[in-house]
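Me: I should like to go through the reasoning behind the descriptions given for this model. Please set each value against its criterion.

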Amino acid sequence: MKYLIVGLGNIGAEYELTRHNIGFMVADFIAEKQQTTFTHGKLANIAMIKYKARQITIIKPTTYMNLSGKAVNYWLQQLSIPLENLLVITDDIALPFEKIRLRPKGSSAGHNGLNSIEEFIGNNYTRLRIGIGNNFYKGQQADFVLSQFNKEELSALPHLVQKAADAAFSFCTIGIERTMNEFNS
């Protein structure tokens, strides 16, 4: 069985440890854990792994967040991966920091990366939302998501990234329903 895991984020050193790039962080963690590295591919950096008889392709779009859908659509078609085997990992300001939530479909909730994906493939795909909190003043959302994690959050980040990676592997092996039961708290 083939799966596509997409970590959302922005390319470039200035975005590396920002809240908006938590999808990239999880993708990097998964690749590192499976002892593989990313190579540059069309519209995305790409890594391929085998895990429990599954062929999993991990991508980090190089299109910047607002055009993520272009990369997701391309790799879904290129690899002939069914929509039900797509997992998009993204940040979510509506969830408290350290919470994760897996959903089989839904709205973009104003997230530009998810908006872009919806333009290309609709909203009937699984997304793993990672809570980054909402500690910002009205009108400061963009600055908040593009800012780096504070010291306290940085110390909790390894556990959060591990939990999200575990949920991604679970999705690929035991399916969405059981994974939601285990990880949505």
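Reply: The model is a predicted one. Its largest pocket has a volume of about 330 Å³. The lining of that pocket comprises 20 residues, and those closest to its centre are H20, H111, N112, Q141 and V145.

Me: What makes a residue part of the lining of a pocket?

Reply: A lining residue has an atom within 4 Å of a point of the pocket. Two elements, β5 (86–92) and α4 (141–145), each supply at least two residues of the lining of the largest pocket. The most comes from α4, which gives three residues.

Me: How many residues of each class are found in the lining of the largest pocket?

Reply: This lining has nine nonpolar, eight polar and three charged residues.

Me: Which residues line the second largest pocket, and how is that lining divided by class?

Reply: About 170 Å³ of space lies in the second largest pocket. Its lining consists of N10, I11, G12, E16, L17, N21, F24, M25, D28, N45, K60 and P61. Five of these lining residues are nonpolar, four are polar and three are charged. Gly counts as polar in this scheme, and G12 is among the lining residues. Both α1 and β4 (54–61) supply at least two residues, with the largest share, three residues, coming from α1.

Me: Why is α1 called roughly perpendicular to α5?

Reply: Helix α1 (residues 22–33) and helix α5 (residues 151–174) pack at an angle of about 70°, and their axes are 9 Å apart. Angles of 65 to 115 degrees count as roughly perpendicular, so α1 is roughly perpendicular to α5.

Me: Which residues of α1 and α5 meet?

Reply: From α1, the residues are I22, M25, V26, F29, I30 and K33; from α5, they are L157, L160, V161, Q162, A164, A165, D166, A168 and F169. By class, the contact has 12 nonpolar, one polar and two charged residues.

Me: Why are α5 and α6 described as roughly antiparallel?

Reply: The angle between α5 and helix α6 (residues 176–183) is about 155°, with axes 7 Å apart. An angle over 145 degrees counts as roughly antiparallel, and the two helices are therefore roughly antiparallel to each other. Their crossing is right-handed.

Me: What makes up the contact of α5 with α6?

Reply: K163, D166, A167, S170, F171 and I174 of α5 make the contact with I176, R178, T179, E182 and F183 of α6. The residues of this contact divide into five nonpolar, two polar and four charged.

Definitions and conventions: Residues are numbered from 1 along each chain as its sequence is written. This is a predicted model: local features need pLDDT of at least 70, side-chain atom pairs count only at pLDDT 80 or more; totals for chains, interfaces and linings use all residues. Side-chain values use heavy atoms; hydrogens and water are left out. Axes are lines fitted to C-alpha atoms, for helices over the stretch in contact, and angles run from 0 to 180 degrees between N-to-C directions. Helices (H or I, at least four residues) and strands (E, at least two) are DSSP runs, numbered from the N terminus. Angles under 35 degrees count as roughly parallel, over 145 as roughly antiparallel, 65 to 115 as roughly perpendicular and the rest as oblique. Contact means heavy atoms within 4.5 Å. A crossing is left-handed if the near helix is turned anticlockwise from the far one by less than a right angle, and right-handed if clockwise. On a 1 Å grid over the protein atoms alone, a cavity is a set of points where a 1.4 Å probe fits but cannot get out, and a pocket is an open set with protein on both sides within 12 Å along at least five of seven lines; lining residues have an atom within 4 Å of a point. Grid points are joined across faces, edges and corners, and a volume is the space filled by probe spheres set on the points.
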